[in-house]
Structure formats: C-alpha cells, structure tokens
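Me: Could you take a close look at how the helices pack in this model, and at the pocket beside them? I'd enjoy a connected walk through it.

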Amino acid sequence: MDCTLVIVRHGQSEWNLLNLFTGWRDVDLSPKGIEEAHAAGRRLKAKGLHFGIAFTSALTRAQRTLDIMLDELGQTGLKTLRDQALNERDYGDLSGLNKDDARKKWGEEQVHKWRRSYDVQPPDGESLKDTVARALPYYCQNILPAVLGGKRVLVAAHGNSLRALVMVLDRLTPETIPSMELATGVPLVYRLNPDSTVASKEVLVA
C-alpha cells in the first residue's frame, strides 16, 4: 500500500514580503509566492505524484497555494477539505506589526521568546504549543487515516501548523521543534509505514 503524505508550506505571502506578523490575518500570495506554488506543483508532477485527497487551512494563502499546485498536476477537481485547525499560529496583538518595529517596542529578547519558544504566548495570541494542540488532533483524526487508508494526501498549510505534523513525523521534541523552519513552497514527501512511522522523507527542492 502506498502511504504517501506530502506537506507544503504556502508560498510567500504579501505580508511575508513586508516582514509583518501575519497569523490569522487573511492575506494573499505575493508574486514570488505564486511562482513558488507553481514550482512546487511542477516538482510534484515531475515525481509522478497523483493525489487522492487534499487538506488545507481556512486562509487564502494556503488555499491558493493548493489550487495552483493542483492546477499544475491536472487535478483541479480533487476533493479538498478546509479547516481552521490547520491555520497559522494566531499572533494576537502582534498581527499586522512589522517585526523590526515589534523588537523596538518590546525588545529583541521578548520578541524572540514569543517567536521561538514552544510555550510562550504573545499578547492575546497562541504559542506554538497551542497551535500543536489544535493541529495535531486534526492530523490524527482526519489526515493520517486517509494516508494509512492508501490515499496519497497533499496538505498545504502554514509554517507553524505544519511544524505540529513534522514534530510527530520527525519525532522532534518541544526543545528542538522551535528551531526547525519550513521553507515556503517546498514540498516534503513522507512515505509512512502501516504503524504511521516514517519509512522515508524527501525534500523536493529546485
């Protein structure tokens, strides 16, 4: 049985380009992000991958990335499930702020803690631990059964919600996961064993 899971962080967004905290703010892809999504789709096609179902978040930048990849794959009608459980981490009061301006306001050390600590919440926002607490159950209840059922699964989501999946797949810890970064528009191809452990992992870079 082919137990394949592909996860892709959305292409660069307009606010990524402007160095703004985005979180749950619903912004679109930048021109570079659109090209990254096309490139990701072409890489998946070059690997001969064809999917049985797709998952994405409730936010436009992830949905559009998925749509572009599916267009490149010739699978525009693929069944797709959208859920806010896969949304980016909510940055609360930081949302919409320039990251450099935030450092000037609260200090380099405090902003670093908010961004990189596992369980430190920004004001009125979520920690990475909070994001894992909503994304991981969704993975276990919806995505993983589809993979183990023999469907090739494509997930387009966000840096922090996907880190929740990678934390389990790559067996990372609360100490190691904060330093792990996912590049925009780069597919990670996992082949799973029947017990849900990882048989192989491939990063599809240019």
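Reply: Happy to. One convention first: angles between axes of 65 to 115 degrees count as roughly perpendicular. Please keep in mind that this is a predicted model.

Let's start with helix 6 (residues 128-148) and helix 7, whose axes come within 8 Å and cross at roughly 65°. Helix 6 and helix 7 are therefore roughly perpendicular to each other. Their crossing is right-handed. On the helix 6 side, the contact is made by Leu-128, Thr-131, Val-132, Ala-135, Leu-136, Tyr-139 and Ile-143, and these meet Asn-160, Ser-161, Arg-163, Ala-164, Leu-165, Met-167, Val-168 and Leu-169 of helix 7. Sorted by class, the residues of this contact are 11 nonpolar, 3 polar and 1 charged.

Helix 7 also leads us to the largest pocket, since it gives the most to the lining there, with 3 residues. The space in that pocket comes to about 300 Å³. It is lined by 18 residues, and the closest to its centre are Arg-9, Glu-88, Tyr-91, Lys-99 and Asn-160. Two elements give two or more residues to the lining, namely helix 5 (108-116) and helix 7 (159-169). In the lining you will find 8 charged, 6 polar and 4 nonpolar residues. Asn-160 is thus a handy residue to select in your viewer: it is among those closest to the pocket centre, and it belongs to the contact of helix 7 with helix 6.

Lys-99 takes us on in a similar way. Besides being listed among the residues closest to the pocket centre, Lys-99 belongs to helix 4 and takes part in the contact with helix 5. The axes of helix 4 (residues 99-106) and helix 5 come within 7 Å and cross at roughly 125°. Helix 4 and helix 5 are therefore oblique to each other. Along with Lys-99, helix 4 brings Ala-102, Arg-103 and Trp-106 to the contact, while helix 5 brings Glu-108, Gln-110, Val-111, Trp-114 and Arg-115. By class, the contact has 4 nonpolar, 1 polar and 4 charged residues.

One more pair completes the tour: helix 2 (residues 31-46) and helix 3 (residues 60-73). Their axes come within 8 Å and cross at roughly 40°. Helix 2 and helix 3 are therefore oblique to each other, and helix 2 passes helix 3 in a right-handed crossing. From helix 2, Ile-34, Ala-37, His-38, Ala-40, Gly-41, Arg-42, Leu-44 and Lys-45 meet Arg-64, Thr-65, Ile-68, Met-69, Glu-72 and Leu-73 in helix 3. The residues of this contact divide into 7 nonpolar, 3 polar and 4 charged.

Key:
Residues are numbered from 1 along each chain as its sequence is written. This is a predicted model: local features need pLDDT of at least 70, side-chain atom pairs count only at pLDDT 80 or more; totals for chains, interfaces and linings use all residues. Side-chain values use heavy atoms; hydrogens and water are left out. On a 1 Å grid over the protein atoms alone, a cavity is a set of points where a 1.4 Å probe fits but cannot get out, and a pocket is an open set with protein on both sides within 12 Å along at least five of seven lines; lining residues have an atom within 4 Å of a point. Grid points are joined across faces, edges and corners, and a volume is the space filled by probe spheres set on the points. Helices (H or I, at least four residues) and strands (E, at least two) are DSSP runs, numbered from the N terminus. Ala, Val, Leu, Ile, Met, Phe, Trp, Tyr, Cys and Pro count as nonpolar, Asp, Glu, Lys and Arg as charged, and the others, Gly among them, as polar. Axes are lines fitted to C-alpha atoms, for helices over the stretch in contact, and angles run from 0 to 180 degrees between N-to-C directions. Angles under 35 degrees count as roughly parallel, over 145 as roughly antiparallel, 65 to 115 as roughly perpendicular and the rest as oblique. A crossing is left-handed if the near helix is turned anticlockwise from the far one by less than a right angle, and right-handed if clockwise. Contact means heavy atoms within 4.5 Å.
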